Amino acid sequence: MVGAFVPVFVAALDHEDAAHRAVANLTRRGFTFIDIADRQIHEMDATKWDEFVQDAWPDFSGHFPTQHEVLSELSSELLFTGPFAGYNAQSDAQPFAPADGFAAR
């Protein structure tokens, strides 16, 4: 595997703070940040979190915090990732849009 797409979910004041915290978290964990996969940072309605997870990743719902957990931690340093989608070749490294994501390797 040469890289991966990973969605990062962050409670932040604005999109710049969210991006900064997401990149810092990924690099602190040993990943090399490449770019925001779709060049957009999306704001989500936390009251629709469970619905989002069921639409985007029904098979991975146990990987994510519950809507109750997300709502109760919005005022804290909430940050977590979704499933990593790895790729093996540069030609495979095209952004996809199942959810908000950062490309990392």
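Helices (H or I, at least four residues) and strands (E, at least two) are DSSP runs, numbered from the N terminus. This is a predicted model, in which local features need pLDDT of at least 70, side-chain atom pairs count only at pLDDT 80 or more, and totals for chains, interfaces and linings use all residues. Residues are numbered from 1 along each chain as its sequence is written, and side-chain values use heavy atoms, with hydrogens and water left out.

**Exercise 1. Work out how the protein chain is built and how confident the predictor is in it.**

Step 1. Start with the secondary structure: the protein chain has three helices and six strands. Following the sequence, you meet them in the pattern β-β-α-β-α-α-β-β-β.

Step 2. Now look at pLDDT, which is the predictor's confidence in each residue, from 0 to 100. Its mean over the protein chain is 85, and 85% of the residues reach 70 or more.

Step 3. Find the stretch to treat with care. Over residues 92-100, pLDDT stays under 50. A contact means heavy atoms within 4.5 Å, and the model has 16 contacts beyond four places in sequence for these residues.

Step 4. Check how contacts span the chain. Of those between residues at least 6 apart in sequence, 73% join residues at least 24 apart.

**Exercise 2. Find which face of helix H2 is covered, and what H2 adds to the nonpolar core.**

Step 1. Set the cut-offs: buried means under 20% relative accessible area, exposed over 50%, and partly exposed in between (1.4 Å probe, protein chains only). In the protein chain, 34% of the 105 residues are buried.

Step 2. Pick out the buried residues of H2 (residues 49-56): they are Trp49, Phe52 and Val53. Looking down the axis of H2, the buried residues fall within an arc of 95°, so they line one face of the helix. That arc is taken from the directions from the helix axis to the C-beta atoms.

Step 3. Ask what lies over them. The cover includes strand E2 (8-10), helix H3 (67-72) and strand E4 (79-81).

Step 4. Move on to the core. A nonpolar core is a set of buried Ala, Val, Leu, Ile, Met, Phe, Trp, Tyr and Cys residues joined through side-chain atoms within 4.5 Å. The largest one has eleven residues, among them Phe9, Ala46, Trp57 and Phe80. H2 gives the most to this core, with three residues. In soluble globular proteins, nonpolar side chains tend to be buried together.

Step 5. Take one core member, Ala46. Beyond its neighbours within four places in sequence, Ala46 contacts Gln67, Val70, Leu71 and Leu74.

**Exercise 3. Locate the salt bridges and decide how exposed each partner is.**

Step 1. Apply the rule: a salt bridge is a side-chain nitrogen of Lys or Arg within 4 Å of a carboxyl oxygen of Asp or Glu. The count is two.

Step 2. In one of them, Arg21 pairs with Glu77, with the closest N and O atoms 3.4 Å apart. This pair links distant parts of the chain, since Arg21 is in helix H1 and Glu77 in the loop between H3 and E4, 56 residues apart.

Step 3. Compare the accessibilities. Arg21 counts as buried because its relative accessibility is 17%, whereas Glu77, at 64%, counts as exposed.

Step 4. Turn to Asp35 and Arg39, whose side chains meet in a salt bridge at 2.4 Å, N to O. Asp35, at 24% relative accessibility, is partly exposed, and Arg39, at 65%, is exposed.
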